[in-house]
Amino acid sequence: MQHTVLVTGGAGYIGSHTTRQLLNAGYRVVVVDNLYSGNKWAVPEGAIFVELDAGNLEAMRRLMPRYDVAAVIHFAGHIVVPESVSDPIKYYRNNVVTSLQMIQACRDTGIRKFIFSSSAAVYGIPMQIPVAEQADTSPINPYGFSKLATEWMLQDVSNSDRINNEPASECFNHVALRYFNVAGAAVDGSLGQATPDATHLIKVACEAACGKRDHISIFGTDYDTEDGTCIRDYIHVEDLATAHVVALEYLRRGGESRTLNCGYGHGFSVRDVLGAVQKVSNTDLNVIEAPRRTGDPPVLIADKTKIHQVLDWQPNYDNLELICGTAYKWERNLTEFQQNTENR
Ligand code: UFG
(Lines give C-alpha, C1' and ligand atoms only; values in the text may rest on other atoms or scores of the structure.)
Protein backbone atom coordinates (compact mmCIF):
# COMPACT_ATOMS: atom_id res chain seq x y z
CA MET A 1 0.00 0.00 0.00
CA GLN A 2 1.20 3.51 -0.78
CA HIS A 3 2.48 5.46 2.19
CA THR A 4 0.57 8.75 2.50
CA VAL A 5 2.38 11.91 3.51
CA LEU A 6 0.60 15.13 4.44
CA VAL A 7 2.56 18.19 3.32
CA THR A 8 1.48 21.53 4.75
CA GLY A 9 2.59 24.46 2.60
CA GLY A 10 2.93 22.18 -0.42
CA ALA A 11 1.87 25.03 -2.73
CA GLY A 12 4.87 27.07 -1.59
CA TYR A 13 8.48 27.13 -2.67
CA ILE A 14 10.23 24.33 -0.76
CA GLY A 15 6.96 22.46 -0.18
CA SER A 16 6.20 22.12 -3.89
CA HIS A 17 9.69 20.84 -4.72
CA THR A 18 9.49 18.32 -1.90
CA THR A 19 6.00 17.21 -2.95
CA ARG A 20 7.30 16.54 -6.45
CA GLN A 21 10.17 14.44 -5.14
CA LEU A 22 7.85 12.51 -2.80
CA LEU A 23 5.54 11.69 -5.71
CA ASN A 24 8.53 10.58 -7.79
CA ALA A 25 9.61 8.35 -4.90
CA GLY A 26 6.19 6.64 -4.96
CA TYR A 27 4.47 8.32 -2.01
CA ARG A 28 0.87 9.46 -2.05
CA VAL A 29 0.89 13.15 -1.08
CA VAL A 30 -1.88 15.24 0.40
CA VAL A 31 -1.02 18.94 0.16
CA VAL A 32 -2.70 21.23 2.67
CA ASP A 33 -2.21 24.92 1.92
CA ASN A 34 -4.32 28.02 2.58
CA LEU A 35 -2.75 29.74 -0.47
CA TYR A 36 -1.71 32.74 1.64
CA SER A 37 1.65 32.81 -0.11
CA GLY A 38 1.50 29.57 -2.11
CA ASN A 39 0.01 29.09 -5.55
CA LYS A 40 -2.39 26.38 -6.60
CA TRP A 41 -0.51 25.97 -9.90
CA ALA A 42 2.63 25.10 -7.96
CA VAL A 43 1.07 21.97 -6.44
CA PRO A 44 2.61 19.17 -8.48
CA GLU A 45 0.33 17.05 -10.60
CA GLY A 46 -0.55 13.82 -8.83
CA ALA A 47 -0.82 15.34 -5.37
CA ILE A 48 -4.19 15.60 -3.64
CA PHE A 49 -4.78 19.28 -2.89
CA VAL A 50 -6.87 20.49 0.03
CA GLU A 51 -7.24 24.25 0.47
CA LEU A 52 -7.16 24.57 4.20
CA ASP A 53 -5.34 26.35 6.99
CA ALA A 54 -2.98 23.93 8.72
CA GLY A 55 -4.05 25.48 12.04
CA ASN A 56 -7.63 24.25 11.65
CA LEU A 57 -7.46 21.48 14.23
CA GLU A 58 -10.94 20.05 13.71
CA ALA A 59 -10.50 19.84 9.94
CA MET A 60 -7.05 18.27 10.34
CA ARG A 61 -8.38 15.66 12.75
CA ARG A 62 -10.94 14.65 10.12
CA LEU A 63 -8.57 14.82 7.17
CA MET A 64 -5.72 12.72 8.56
CA PRO A 65 -7.64 9.45 8.99
CA ARG A 66 -9.65 10.06 5.82
CA TYR A 67 -6.47 9.88 3.76
CA ASP A 68 -4.76 7.37 6.02
CA VAL A 69 -1.88 9.81 6.61
CA ALA A 70 1.25 8.12 7.99
CA ALA A 71 3.61 11.10 8.25
CA VAL A 72 3.55 14.89 8.19
CA ILE A 73 5.99 17.35 6.67
CA HIS A 74 5.16 20.76 8.05
CA PHE A 75 6.34 23.64 5.85
CA ALA A 76 3.44 26.08 6.22
CA GLY A 77 4.60 29.27 7.88
CA HIS A 78 5.63 32.86 7.36
CA ILE A 79 9.26 33.45 6.42
CA VAL A 80 10.02 37.15 6.18
CA VAL A 81 12.35 38.13 9.00
CA PRO A 82 11.75 41.95 8.97
CA GLU A 83 7.99 41.36 8.88
CA SER A 84 8.31 39.16 11.96
CA VAL A 85 9.89 42.10 13.76
CA SER A 86 7.12 44.52 12.80
CA ASP A 87 4.25 42.04 13.27
CA PRO A 88 5.38 39.40 15.79
CA ILE A 89 1.86 38.24 16.68
CA LYS A 90 1.35 37.16 13.08
CA TYR A 91 4.48 35.01 13.31
CA TYR A 92 3.70 33.51 16.70
CA ARG A 93 0.17 32.72 15.56
CA ASN A 94 1.02 31.24 12.20
CA ASN A 95 4.35 29.61 13.02
CA VAL A 96 3.90 28.56 16.64
CA VAL A 97 0.15 28.16 17.21
CA THR A 98 -0.35 26.45 13.84
CA SER A 99 2.53 24.07 14.57
CA LEU A 100 0.98 23.30 17.94
CA GLN A 101 -2.34 22.50 16.26
CA MET A 102 -0.58 20.27 13.73
CA ILE A 103 1.25 18.38 16.48
CA GLN A 104 -2.01 18.05 18.40
CA ALA A 105 -3.78 16.70 15.31
CA CYS A 106 -1.00 14.12 14.88
CA ARG A 107 -1.27 13.07 18.53
CA ASP A 108 -5.05 12.76 18.27
CA THR A 109 -4.91 10.64 15.14
CA GLY A 110 -1.92 8.44 15.97
CA ILE A 111 0.60 9.96 13.52
CA ARG A 112 4.10 9.53 14.90
CA LYS A 113 6.39 10.80 12.13
CA PHE A 114 6.85 14.54 11.76
CA ILE A 115 9.35 16.56 9.73
CA PHE A 116 9.63 20.25 10.47
CA SER A 117 11.03 23.20 8.47
CA SER A 118 13.25 24.91 10.95
CA SER A 119 15.84 27.55 10.22
CA ALA A 120 19.39 28.62 10.93
CA ALA A 121 17.66 31.69 12.37
CA VAL A 122 17.46 29.74 15.66
CA TYR A 123 21.19 30.36 16.17
CA GLY A 124 20.98 34.15 16.00
CA ILE A 125 24.56 35.37 15.71
CA PRO A 126 26.63 32.21 16.20
CA MET A 127 29.77 32.29 18.33
CA GLN A 128 31.49 29.73 16.13
CA ILE A 129 31.55 29.15 12.38
CA PRO A 130 30.68 26.65 10.99
CA VAL A 131 27.80 26.37 13.44
CA ALA A 132 26.87 22.92 14.75
CA GLU A 133 23.48 21.81 16.04
CA GLN A 134 24.60 21.74 19.68
CA ALA A 135 25.60 25.44 19.54
CA ASP A 136 23.58 27.82 21.70
CA THR A 137 20.28 28.84 20.21
CA SER A 138 19.74 32.53 20.65
CA PRO A 139 17.44 33.96 17.97
CA ILE A 140 17.54 37.68 17.26
CA ASN A 141 14.05 38.05 15.77
CA PRO A 142 10.51 36.68 16.28
CA TYR A 143 10.86 34.50 13.17
CA GLY A 144 13.79 32.66 14.74
CA PHE A 145 11.96 32.37 18.07
CA SER A 146 8.89 30.98 16.34
CA LYS A 147 10.98 28.22 14.75
CA LEU A 148 12.80 27.46 18.00
CA ALA A 149 9.52 27.29 19.95
CA THR A 150 8.22 24.67 17.53
CA GLU A 151 11.45 22.69 17.85
CA TRP A 152 10.95 22.70 21.65
CA MET A 153 7.36 21.51 21.37
CA LEU A 154 8.42 18.66 19.10
CA GLN A 155 11.28 17.70 21.40
CA ASP A 156 9.03 17.71 24.46
CA VAL A 157 6.38 15.59 22.73
CA SER A 158 9.05 13.10 21.60
CA ASN A 159 10.47 13.01 25.14
CA SER A 160 7.06 12.54 26.75
CA ASP A 161 6.53 9.22 24.99
CA ARG A 162 9.85 7.95 26.33
CA ILE A 163 9.10 9.24 29.82
CA ASN A 164 5.72 7.50 29.68
CA ASN A 165 7.50 4.27 28.65
CA GLU A 166 5.65 3.87 25.38
CA PRO A 167 7.00 0.96 23.32
CA ALA A 168 9.55 2.21 20.75
CA SER A 169 7.21 1.51 17.83
CA GLU A 170 4.52 3.73 19.43
CA CYS A 171 6.80 6.71 20.10
CA PHE A 172 6.49 10.04 18.32
CA ASN A 173 9.65 10.90 16.34
CA HIS A 174 10.50 14.02 14.42
CA VAL A 175 13.26 15.52 12.33
CA ALA A 176 13.73 19.28 12.51
CA LEU A 177 15.75 20.50 9.54
CA ARG A 178 17.49 23.81 10.12
CA TYR A 179 17.69 25.38 6.69
CA PHE A 180 20.51 27.71 5.79
CA ASN A 181 20.00 29.94 2.70
CA VAL A 182 17.67 28.17 0.32
CA ALA A 183 17.79 29.26 -3.32
CA GLY A 184 17.61 28.07 -6.91
CA ALA A 185 14.90 26.32 -8.87
CA ALA A 186 14.23 23.13 -10.79
CA VAL A 187 16.97 22.59 -13.36
CA ASP A 188 14.40 22.34 -16.19
CA GLY A 189 12.90 25.71 -15.19
CA SER A 190 9.53 24.19 -14.34
CA LEU A 191 9.27 25.07 -10.66
CA GLY A 192 10.75 27.69 -8.37
CA GLN A 193 10.05 30.48 -5.94
CA ALA A 194 7.06 32.66 -6.72
CA THR A 195 6.71 34.46 -3.41
CA PRO A 196 5.59 38.05 -4.00
CA ASP A 197 7.66 40.89 -2.49
CA ALA A 198 10.71 38.66 -2.13
CA THR A 199 13.49 39.81 0.16
CA HIS A 200 16.00 36.97 -0.31
CA LEU A 201 19.21 37.91 -2.08
CA ILE A 202 19.29 35.49 -5.03
CA LYS A 203 15.61 35.94 -5.82
CA VAL A 204 15.91 39.75 -5.64
CA ALA A 205 19.07 39.73 -7.79
CA CYS A 206 17.35 37.56 -10.42
CA GLU A 207 14.34 39.88 -10.43
CA ALA A 208 16.75 42.77 -11.05
CA ALA A 209 18.47 40.82 -13.82
CA CYS A 210 15.04 40.26 -15.44
CA GLY A 211 14.25 43.98 -15.26
CA LYS A 212 11.59 43.62 -12.56
CA ARG A 213 13.60 45.89 -10.25
CA ASP A 214 15.80 48.76 -11.26
CA HIS A 215 18.57 48.01 -8.77
CA ILE A 216 19.80 45.70 -6.06
CA SER A 217 21.18 46.95 -2.76
CA ILE A 218 24.07 45.41 -0.87
CA PHE A 219 23.14 45.72 2.77
CA GLY A 220 26.48 46.47 4.39
CA THR A 221 29.97 46.55 2.88
CA ASP A 222 31.89 47.05 6.12
CA TYR A 223 31.60 43.59 7.68
CA ASP A 224 34.70 41.83 8.91
CA THR A 225 34.81 39.51 5.89
CA GLU A 226 37.18 39.36 2.93
CA ASP A 227 35.12 41.66 0.70
CA GLY A 228 33.18 43.41 3.49
CA THR A 229 29.81 41.76 2.71
CA CYS A 230 27.93 39.02 4.57
CA ILE A 231 28.63 35.37 3.91
CA ARG A 232 25.93 32.70 3.67
CA ASP A 233 25.70 28.97 3.00
CA TYR A 234 23.43 28.80 -0.07
CA ILE A 235 21.71 25.45 -0.58
CA HIS A 236 19.85 24.45 -3.73
CA VAL A 237 16.13 23.85 -3.19
CA GLU A 238 16.25 20.41 -4.85
CA ASP A 239 18.95 19.23 -2.44
CA LEU A 240 16.90 20.58 0.44
CA ALA A 241 13.80 18.79 -0.85
CA THR A 242 15.82 15.56 -1.04
CA ALA A 243 16.83 16.03 2.60
CA HIS A 244 13.12 15.84 3.52
CA VAL A 245 12.60 12.66 1.53
CA VAL A 246 15.60 10.94 3.13
CA ALA A 247 14.55 12.24 6.57
CA LEU A 248 11.19 10.56 6.02
CA GLU A 249 12.91 7.32 5.04
CA TYR A 250 15.01 7.63 8.19
CA LEU A 251 11.89 7.93 10.37
CA ARG A 252 10.25 5.03 8.53
CA ARG A 253 13.28 2.86 9.36
CA GLY A 254 12.62 3.61 13.04
CA GLY A 255 15.00 6.55 13.39
CA GLU A 256 14.67 8.65 16.53
CA SER A 257 14.12 12.39 16.77
CA ARG A 258 16.91 14.55 15.41
CA THR A 259 17.67 18.21 14.73
CA LEU A 260 19.89 18.65 11.69
CA ASN A 261 21.55 21.51 9.87
CA CYS A 262 20.81 21.66 6.18
CA GLY A 263 23.61 23.41 4.35
CA TYR A 264 26.69 22.61 2.27
CA GLY A 265 29.24 23.70 4.87
CA HIS A 266 30.79 26.58 2.93
CA GLY A 267 29.77 30.11 2.15
CA PHE A 268 29.71 32.90 -0.41
CA SER A 269 29.61 36.64 0.06
CA VAL A 270 26.88 38.95 -1.23
CA ARG A 271 29.34 40.18 -3.86
CA ASP A 272 30.10 36.56 -4.92
CA VAL A 273 26.37 36.01 -5.39
CA LEU A 274 25.85 39.18 -7.41
CA GLY A 275 28.86 38.26 -9.57
CA ALA A 276 27.36 34.82 -10.23
CA VAL A 277 23.93 36.28 -11.11
CA GLN A 278 25.54 38.78 -13.52
CA LYS A 279 27.49 35.96 -15.14
CA VAL A 280 24.60 33.53 -15.62
CA SER A 281 22.21 36.27 -16.78
CA ASN A 282 24.77 38.11 -18.88
CA THR A 283 23.55 41.42 -17.46
CA ASP A 284 25.10 44.29 -15.56
CA LEU A 285 23.17 44.77 -12.36
CA ASN A 286 22.65 48.25 -10.99
CA VAL A 287 24.23 47.60 -7.60
CA ILE A 288 23.82 50.14 -4.79
CA GLU A 289 25.91 49.95 -1.64
CA ALA A 290 23.50 50.51 1.25
CA PRO A 291 23.82 50.50 5.06
CA ARG A 292 23.68 47.26 7.02
CA ARG A 293 20.29 45.60 7.47
CA THR A 294 19.35 45.10 11.13
CA GLY A 295 19.78 41.58 12.43
CA ASP A 296 22.09 40.17 9.76
CA PRO A 297 24.78 37.88 11.18
CA PRO A 298 28.06 38.58 9.32
CA VAL A 299 28.73 34.90 8.55
CA LEU A 300 26.40 31.91 8.65
CA ILE A 301 27.75 28.54 7.56
CA ALA A 302 26.47 25.10 8.53
CA ASP A 303 28.51 22.42 10.19
CA LYS A 304 27.19 19.61 8.00
CA THR A 305 28.76 16.69 9.90
CA LYS A 306 25.62 15.51 11.65
CA ILE A 307 23.23 15.40 8.71
CA HIS A 308 25.69 13.20 6.82
CA GLN A 309 26.04 10.90 9.82
CA VAL A 310 22.30 10.52 10.32
CA LEU A 311 20.77 10.68 6.85
CA ASP A 312 21.69 9.10 3.57
CA TRP A 313 21.81 12.55 1.93
CA GLN A 314 23.86 13.14 -1.21
CA PRO A 315 23.59 16.75 -2.44
CA ASN A 316 23.80 17.17 -6.21
CA TYR A 317 23.74 20.93 -6.75
CA ASP A 318 26.48 22.35 -4.56
CA ASN A 319 27.51 24.99 -7.10
CA LEU A 320 26.77 28.71 -6.78
CA GLU A 321 26.53 29.35 -10.53
CA LEU A 322 24.14 26.46 -10.92
CA ILE A 323 22.01 27.75 -8.06
CA CYS A 324 21.91 31.26 -9.55
CA GLY A 325 21.48 29.92 -13.09
CA THR A 326 18.42 27.86 -12.19
CA ALA A 327 16.97 30.77 -10.17
CA TYR A 328 17.45 33.12 -13.15
CA LYS A 329 15.96 30.69 -15.66
CA TRP A 330 12.94 30.25 -13.39
CA GLU A 331 12.56 34.02 -12.90
CA ARG A 332 12.40 34.51 -16.66
CA ASN A 333 9.80 31.74 -17.03
CA LEU A 334 7.81 33.19 -14.15
CA THR A 335 7.80 36.65 -15.74
CA GLU A 336 6.39 35.17 -18.95
CA PHE A 337 3.90 33.04 -17.06
CA GLN A 338 2.67 36.02 -15.00
CA GLN A 339 2.40 38.22 -18.11
CA ASN A 340 0.35 35.55 -19.89
CA THR A 341 -1.93 35.17 -16.87
CA GLU A 342 -2.45 38.97 -16.69
CA ASN A 343 -3.24 39.18 -20.42
CA ARG A 344 -5.83 36.44 -20.27
N1 UFG B 1 21.08 41.02 1.02
C2 UFG B 1 21.46 42.14 0.31
N3 UFG B 1 20.56 42.69 -0.54
C4 UFG B 1 19.29 42.20 -0.73
C5 UFG B 1 18.91 41.04 0.00
C6 UFG B 1 19.83 40.49 0.87
O7 UFG B 1 22.58 42.60 0.45
O8 UFG B 1 18.53 42.77 -1.51
C9 UFG B 1 22.04 40.39 1.91
C10 UFG B 1 21.58 40.34 3.35
O11 UFG B 1 21.87 41.53 4.02
C12 UFG B 1 22.36 39.12 3.86
C13 UFG B 1 22.48 38.22 2.63
O14 UFG B 1 22.24 39.06 1.51
O15 UFG B 1 23.62 39.52 4.23
C16 UFG B 1 21.46 37.10 2.62
O17 UFG B 1 20.18 37.66 2.88
P18 UFG B 1 18.83 36.90 2.59
O19 UFG B 1 17.71 37.86 2.89
O20 UFG B 1 18.86 36.28 1.24
O21 UFG B 1 18.85 35.73 3.61
P22 UFG B 1 19.07 35.76 5.19
O23 UFG B 1 20.46 35.32 5.41
O24 UFG B 1 18.61 37.00 5.83
O25 UFG B 1 17.97 34.70 5.62
C26 UFG B 1 18.29 33.43 5.91
C27 UFG B 1 17.04 32.58 5.86
C28 UFG B 1 16.13 32.95 6.96
C29 UFG B 1 16.90 32.95 8.26
C30 UFG B 1 18.12 33.81 8.20
C31 UFG B 1 18.94 33.73 9.48
O32 UFG B 1 16.38 32.74 4.63
O33 UFG B 1 15.09 32.00 7.01
O34 UFG B 1 18.91 33.39 7.16
O35 UFG B 1 19.91 34.73 9.49
F36 UFG B 1 16.11 33.44 9.22
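Guide: Helices (H or I, at least four residues) and strands (E, at least two) are DSSP runs, numbered from the N terminus. This is a predicted model: local features need pLDDT of at least 70, side-chain atom pairs count only at pLDDT 80 or more, and totals for chains, interfaces and linings use all residues. Residues are numbered from 1 along each chain as its sequence is written, and side-chain values use heavy atoms, with hydrogens and water left out.

Visitor: How many residues surround the ligand, and which are the closest?

Guide: A residue is near a molecule if one of its heavy atoms lies within 4 Å of it. Here 21 residues surround the ligand. The closest are L201, S217, R232, R293 and D296.

Visitor: Which elements each supply at least two residues of that shell?

Guide: Helix 6 (201-209) and strand 8 (216-219) do. Strand 8 gives the largest share, 4 residues.

Visitor: What is the make-up of the shell by class?

Guide: Ala, Val, Leu, Ile, Met, Phe, Trp, Tyr, Cys and Pro count as nonpolar; Asp, Glu, Lys and Arg count as charged; the others, Gly among them, count as polar. The shell has 13 nonpolar, 5 polar and 3 charged residues.

Visitor: Where are oxygen atoms of the ligand paired with side-chain N or O atoms?

Guide: A polar contact is a pair of N or O atoms within 3.5 Å; within protein, one must be able to donate a hydrogen and the other to accept it, and residues adjacent in sequence count only if both atoms are side-chain atoms. A ligand oxygen lies 3.0 Å from an N or O atom in the side chain of H200. For the side chain of R293, the distance from a ligand oxygen to an N or O atom is 2.8 Å. The backbone takes part too: a polar backbone atom of F219 is 2.9 Å from a ligand oxygen.

Visitor: How much of the ligand does the protein bury?

Guide: Accessible areas come from the Shrake-Rupley method with a 1.4 Å probe; for residues, only the protein chains shown count as cover. Taken alone, the ligand exposes 690 Å², and the protein buries 92% of that.

Visitor: What is the strand order in the sheet of 7 strands?

Guide: Two strands pair if DSSP finds at least two bridges between them. The order is 3-2-1-4-5-6-11, in an open sheet with parallel pairing. Strand 3 (48-51) and strand 11 (258-262) each have a single partner strand, so one side of each is left without a neighbour in the sheet. The twist averages 20 degrees from one strand to the next. Strand 4 (residues 69-74) and strand 5 (residues 113-119) pair over 3 bridges. V72 has F114 in strand 5 as its bridge partner.

Visitor: What is the order of the sheet of 3 strands?

Guide: That open sheet runs 12-9-14, with mixed pairing. Strand 9 (residues 231-232) and strand 14 run parallel, joined by 2 bridges. R232 stands opposite L300 in strand 14.

Visitor: Which backbone features stand out at P130 and N165?

Guide: Most residues other than glycine have a negative phi, and most peptide bonds are trans. I129 and P130 are joined by a cis peptide bond, with omega about -5 degrees. P130 sits in the loop between strand 5 and helix 5 (142-163). N165 has a positive phi, near 55 degrees. N165 is in the loop between helix 5 and strand 6 (173-179).

Notes
Axes fitted to C-alpha atoms, helices over the stretch in contact; angles between N-to-C directions.
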